[in-house]
Amino acid sequence: MNVLKFGGTSVGSAQNIRKVVEILSVTEKPKIVVLSAMSGVTNLLVSLNQASIDKDSAQITNVLEQLQAKHFEAIEDLFTAENQPETKAQIETFVAALKDIATGGRTLTTYAELVTYGETMLTWMFSKFLDQEQVANVLLNASTFMNVGTVENPNIDSVSESLLPQLEQNPSQLYITQGFVCRDERGSLATLKRGGSDFSATIIAAAVSAAGVQIWTDIDGLHNNDPRYVEGTNPIEHLTYNEAAELAYFGAKILHPQTVAPVIDRDIPVWLKNTFEPSAPGTKISNEYHNRGLKAISAKDGITAIKIKSNRMLGAHGFLRTIFEVFDRHETSIDMITTSEVAISLTIDDTAHLKAIMTELSVIAEVTVEEDHSIICIVGENLIADHESYKAFGILNSIPVRMIAYGGSNNNISLLVPTREKISALQYLNAQLFQLEGAIA
């Protein structure tokens, strides 16, 4: 069994859906196919949720009309004239259900019910298109088996206990299901957060002990730098799980940050492939070591730096614990941390509880907050032993680096820079680190 995930761009139009079907026809069987909503649909559903909160009936109607029109356009291209009425009628039923949710009383699950409907509509339509093309398939409802509990530590055994009986009861060479959808520790409908369909795929792969996972996007693998800002980047042929996890967490958009976690201990390889260039090799992520040292650079935006200064208490026993407990109470993770004799600097990417954190910290220290920063992450297996890594620090001559984290991980050097300097930093590091012959795996 293999698990294949296709993102929103891959299923964003009738033409692209046909490409996906072509890929399915030549990939190994049996397989479970995990699909995102059509590109742009989840954004519309998020706006529908806000309109529901605001009780904005005009906006609710507007969003529902856009959703229906987008799916009708694909139906008119994909389906025969004979099959269009039934298919459109079902989309109308879905849209009517969305309206009922949006205009009904708000509950704890209303957000999840609304924003996951894109996957529901797309997978139903996709399965029906396969039926029309005489491709046997079984449509699975992810909400009946994705009992992950907590997103941070998904319960793979629970997913397996629910999913495997469904596969046995409905034998097929091709299963279709939704990404992004899950159930929380209370059994309530929830989401794996934006971009979470990658995570869905690896959770499912772990649950069924799959031979491999393929994540299909519109990029030919994970590049050694961000191709949006840097010219001449190259896809990386091989990455270890640790390298991929570091790059995903620190901003590599092609991969959800938690994607590789479920498959590491089970040694299930993950391939990143391009839907629009299926013959391209892409990137393989596994426990294989092809070479050590420098591999890639990524950047994570939306970072806030917090400087905590206290001449009186910094060296006192328990002071650091007191600081970390503040962040723990407010469920706010720390990305980077550096210390000196008189101050601690750290970064966060979630400012939802920043005001409360500041209030508590200001009782014991002088606190300064700096927003609009980016973490530049340089990644490679055993990078800190790479004799060429010193070239990264030449950046100090031309770009104001706020913090440096070196040695916390053997595979990562992180630099904090103002976001306005991010592109310059990526381009500088690319020139310094990737001008070497054979630096990439």
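In the predicted model, T123 is found in helix α6, which spans residues 117–132. The relative accessibility of T123 is 1%, so this residue counts as buried, the cut-off for burial being under 20% relative accessible area. A polar atom of the T123 side chain lies 3.2 Å from the backbone oxygen of T120. When residues up to four places away in sequence are not counted, T123 touches L35, L139, I176, T177 and Q178. Several of these partners belong to strands: L35 falls within β2 (residues 31–35), L139 within β3 (138–139), and I176, T177 and Q178 within β5 (174–178).

These strands form part of an open sheet of eight strands, arranged in the order β3-β5-β2-β1-β8-β10-β11-β9 and with mixed pairing. The sheet is bounded by β3 (138–139) and β9 (238–240), the edge strands, each of which pairs on one side only. Strand pairing in a sheet proceeds through backbone hydrogen bonds, in either a parallel or an antiparallel sense. For β1 (residues 2–6) and β2 (residues 31–35), the pairing is parallel and extends over five bridges. Within this pair, N2 stands opposite K31 of β2. Helix α8 (residues 197–208) lies across β1, β2, β5, β8 (212–217) and β10 (270–274), and runs at about 160° to β2.

Helix α8 also features in the nonpolar interior. In soluble globular proteins, nonpolar side chains tend to be buried together. The largest nonpolar core of the model comprises 58 residues, and M146, L255 and I285 have the most contacts inside it. Of the contributors to this core, α8 gives the most, with eight residues. Apart from this core lies another, of 47 residues, which includes V21, I91, L114 and V115. The surroundings of M146 were examined further. With neighbours within four places in sequence left aside, M146 is in contact with V159, V181, C182, R183, L192, S200, I203 and I204. Among these contacts, S200, I203 and I204 fall within the range of α8, residues 197–208.

Charged side chains were considered next. Side chains of opposite charge can pair when their charged atoms come close. The structure holds 14 salt bridges. One of these joins the side chains of E152 and K193, with an N to O distance of 3.8 Å. E152 lies in the loop between β4 (147–149) and α7 (156–169), whereas K193 lies in the loop between β7 (189–191) and α8, so the pair ties together parts that are 41 residues apart in sequence. E152 is exposed, at a relative accessible area of 57%, while K193 is partly exposed, at 48%.

A further salt bridge, between the side chains of E288 and K284, has an N to O distance of 2.8 Å. In this pair, E288 counts as partly exposed at 32% relative accessibility, and K284 counts as buried at 18%. R329 forms a salt bridge with E360, in which the closest N and O atoms are 2.5 Å apart. This pair links distant parts of the chain, R329 being located in helix α11 (residues 319–329) and E360 in helix α12 (residues 354–361), 31 residues apart. E360 has a relative accessible area of 29% and is therefore partly exposed. In addition, K300, D335 and D349 are linked in a network of salt bridges.

Definitions and conventions: Residues are numbered from 1 along each chain as its sequence is written. This is a predicted model: local features need pLDDT of at least 70, side-chain atom pairs count only at pLDDT 80 or more; totals for chains, interfaces and linings use all residues. Side-chain values use heavy atoms; hydrogens and water are left out. Two strands pair if DSSP finds at least two bridges between them. Helices (H or I, at least four residues) and strands (E, at least two) are DSSP runs, numbered from the N terminus. Contact means heavy atoms within 4.5 Å. Axes are lines fitted to C-alpha atoms, for helices over the stretch in contact, and angles run from 0 to 180 degrees between N-to-C directions. Buried means under 20% relative accessible area, exposed over 50%, partly exposed in between (1.4 Å probe, protein chains only). A polar contact is a pair of N or O atoms within 3.5 Å; within protein, one must be able to donate a hydrogen and the other to accept it, and residues adjacent in sequence count only if both atoms are side-chain atoms. A nonpolar core is a set of buried Ala, Val, Leu, Ile, Met, Phe, Trp, Tyr and Cys residues joined through side-chain atoms within 4.5 Å. A salt bridge is a side-chain nitrogen of Lys or Arg within 4 Å of a carboxyl oxygen of Asp or Glu.
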